[in-house]
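Please open the model in a viewer and keep the sequence panel at hand. The tour below proceeds by selection, stating at each stop what is to be found there.

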Amino acid sequence: MRAQSRLVRQFAVTVEVGVDRSKRVVSTGDELAIGTSEGNDLKLGDPGVSRHHCALRAHERGLELVDLGSRNGTFVDNLEITSCFVRSGARIRIGESVVALEILDQDLEQPLAQANRFGPILGASTEMRRLYPIIEQCGRSNATVLIVGESGTGKELIAEAIHDASPRRGKPFVVVDCSALSHDLAESELFGHLRGAFTGADTDRVGAFESANGGTVFLDEIGELPLSLQPILLRVLEARTIRRVGSNQHVPVDVRIVSASNRDLRAEVNHKRFRADLFYRLNVLRIALPPLRERAGDVEILADHFWRTFRADPIPTSLVQHLVTQRWPGNIRELRNAIERVALLGWSPTQQAAAAPTELATYRDGRARALWEWERTWLEQVLAASGSNLSRASRMAKMGRSHLRELARKHGLVAPAASADDDDDDGADDES
């Protein structure tokens with residue numbers, strides 16, 4: 001019988017040096033956040049500490065310390081780190097404070113679902129079965145939910161599952177891709193407009209919030225929402241009313257807000273790219289999706305599931321063995337695209353990269369694979385350097401955004417997003 005719960009080792013942090021000396025906090029979950037703002041587990045008064053400075057996260061490998069884009073950096077033994085694993089007794093310097101880490105003897109027990117799926121979500125790993133009870137609890141609540149995770153991890157599926165597990169199921173589930181919103185028309189897309197409100201407004205339009213009345217609005221890539229719109233969204237969340245562009249009338253709306261981001265919005269708050277008050281309003285309930293590389297056993301299950309959507313025959317064993325050795329930086333989206341490509345073009349063990357040194361690929365096959373791997377590596381580097389912002393990446397690469405998007409989509413690295421700017425191939429699109 002499979003385990004019904006998992007144990008997570010508790011840990012504590014104590015301020016040894018600084019204005020908050022002797023302050024101590026014990027972890028109550030997978031993560032313990034440190035900073036000066038409300039919402040942090042360890043809230044400090046040190047002016048040299050950022051609003052959201054760093055976080056400690058429990059992993060199977062140990063305890064990971066992550067800097068959240070802080071102003072003055074995070075140091076362990078005089079080494080500045082962005083991410084590292086730390087042991088009990090480590091001393092972390094942030095601002096003028098020193099915080100000591102202590103891993104405790106007691107564990108926290110977290111329930112695990114027995115099923116291998118929850119609604120549209122498929123996964124038998126401990127990391128995923130841990131999330132299913134949390135998703136169910138989020139469904140019963142009407143609070144806003146923030147879903148965080150790398151691109152391609154399935155954040156929209158989680159949002160759908162929350163909606164389907166809520167009393168709002170059967171009502172509209174409206175998706176808004178904030179990364180594809182035009183700066184000029186974003187307010188209209190969200191809240192609607194009246195005829196004549198601006199050039200081209202030939203008819204009245206109902207926005208996403210009115211369309212979803214009684215249901216759920218899913219704000220995907222919320223970190224891309226223009227700063228000018230963030231206070232308007234905050235007022236909508238607080239007042240539960242919207243005002244169409246060109247109108248003075250406030251219309252009540254009954255919607256549940258679920259948002260998602262592939263960035264850590266706490267770092268965006270530190271860099272003043274996202275409003276702190278809006279972040280707190282969105283981050284009432286939080287779900288952190290693990291990347292596919294941390295979901296032991298799920299590649300096999302997902303590969304078989306995707307294969308059966310394209311082919312009737314069983315997935316080749318050699319293909320599965322090859323797939324489980326990959327890191328999948330594009331996560332589930334990349335895996336699905338790879339399965340679709342192989343299902344259509346065919347598979348043989350000789351297609352593996354350097355499967356056996358004695359096997360000699362043809363010139364054409366070898367050249368095509370080398371080009372594919374170089375192109376993919378180059379795309380990963382460009383997207384990483386641009387924060388996965390296609391407009392910024394296209395300017396860095398001196399390439400049209402639509403061309404770059406097609407390349408990235410071919411390699412399963414980003415989701416294709418429709419935008420009014422996508423046909424502009426001069427590489428000078430506005431950031432979105």
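## First stop: Arg 295

Select Arg 295 and display its surroundings: apart from neighbours within four places in sequence, this residue is in contact with Leu 122, Gly 123, Ser 125, Met 128, Thr 153, Pro 290, Leu 302 and Ile 332, contact meaning heavy atoms within 4.5 Å. The model is a predicted one, in which local features need pLDDT of at least 70 and side-chain atom pairs count only at pLDDT 80 or more, while totals for chains, interfaces and linings use all residues. Residues are numbered from 1 along each chain as its sequence is written, and side-chain values use heavy atoms, with hydrogens and water left out.

Arg 295 belongs to the loop between strand E20 (285-288) and helix H8 (298-310). Helices (H or I, at least four residues) and strands (E, at least two) are DSSP runs, numbered from the N terminus. Is Arg 295 buried or exposed? Its relative accessibility is 3%, so Arg 295 counts as buried; buried means under 20% relative accessible area, exposed over 50%, and partly exposed in between, with a 1.4 Å probe and protein chains only. Now add Leu 122 to the selection: its backbone oxygen is reached by the side chain of Arg 295 at 2.9 Å. This is a polar contact, that is, a pair of N or O atoms within 3.5 Å; within protein, one must be able to donate a hydrogen and the other to accept it, and residues adjacent in sequence count only if both atoms are side-chain atoms.

## His 53 and the cysteines

Move to His 53, in the loop between strand E4 (42-43) and strand E5 (54-59). His 53 is buried, with a relative accessible area of 0%. A polar atom of its side chain lies 2.8 Å from the backbone oxygen of Gly 73. Not counting residues up to four places away in sequence, His 53 touches a set of residues including Ile 34, Gly 48, Val 66, Asp 67, Gly 73 and Ile 94.

Next, select Cys 54, which is likewise buried, at a relative accessible area of 0%. Why does Cys 54 form no bond with Cys 84? The sulfur of Cys 84 is the closest cysteine sulfur to that of Cys 54, yet it is 10 Å away, too far for a bond. Cys 84 is accordingly in no disulfide, and this residue is also buried, with a relative accessible area of 19%. With a disulfide taken as a pair of cysteine sulfur atoms within 2.5 Å, the count comes to zero.

## Ser 97 and strand E11

Select Ser 97, in strand E11 (residues 97-111). At 1% relative accessibility, Ser 97 counts as buried. Its side chain is joined to that of Asp 46 by a polar contact of 2.8 Å. Beyond neighbours within four places in sequence, Ser 97 is in contact with Val 17, Gly 18, Asp 46 and Ile 92. A distance label between the C-alpha atoms of Ser 97 and Arg 117, 20 residues apart along the chain, should read 44 Å.

## Aromatic rings

The whole structure holds five aromatic pairs; rings of Phe, Tyr and Trp (its six-membered ring) pair if their centres lie within 6.5 Å, with planes under 30 degrees apart counted as stacked, over 60 as edge-to-face and the rest as tilted. Select one of them, Phe 191 with Phe 209: the pair is tilted, at 5.4 Å centre to centre and 45° between the planes. Phe 191 lies in helix H3 (residues 186-191) and Phe 209 in helix H4 (residues 208-211), so the pair ties together parts that are 18 residues apart in sequence. Both Phe 191 and Phe 209 are buried.

## Positive phi angles

Select Glu 221, in the loop between strand E16 (216-220) and helix H5 (230-239). Although not a glycine, Glu 221 has a positive phi of about 50°; at 14% relative accessibility, it counts as buried. Then go to Lys 272, in the loop between helix H6 (265-270) and helix H7 (276-282). Lys 272 is not a glycine either, and its phi is positive, about 60°; at 65% relative accessibility, Lys 272 counts as exposed.

## Last stop: helix H12

Finally, select helix H12 (residues 390-397), whose buried residues are Leu 390, Ser 391, Ala 393 and Ser 394. They cover an arc of only 165° around the axis, which puts them on the same side of H12; the arc is that of the directions from the helix axis to the C-beta atoms. Lys 398 follows H12, with a positive phi near 55°.
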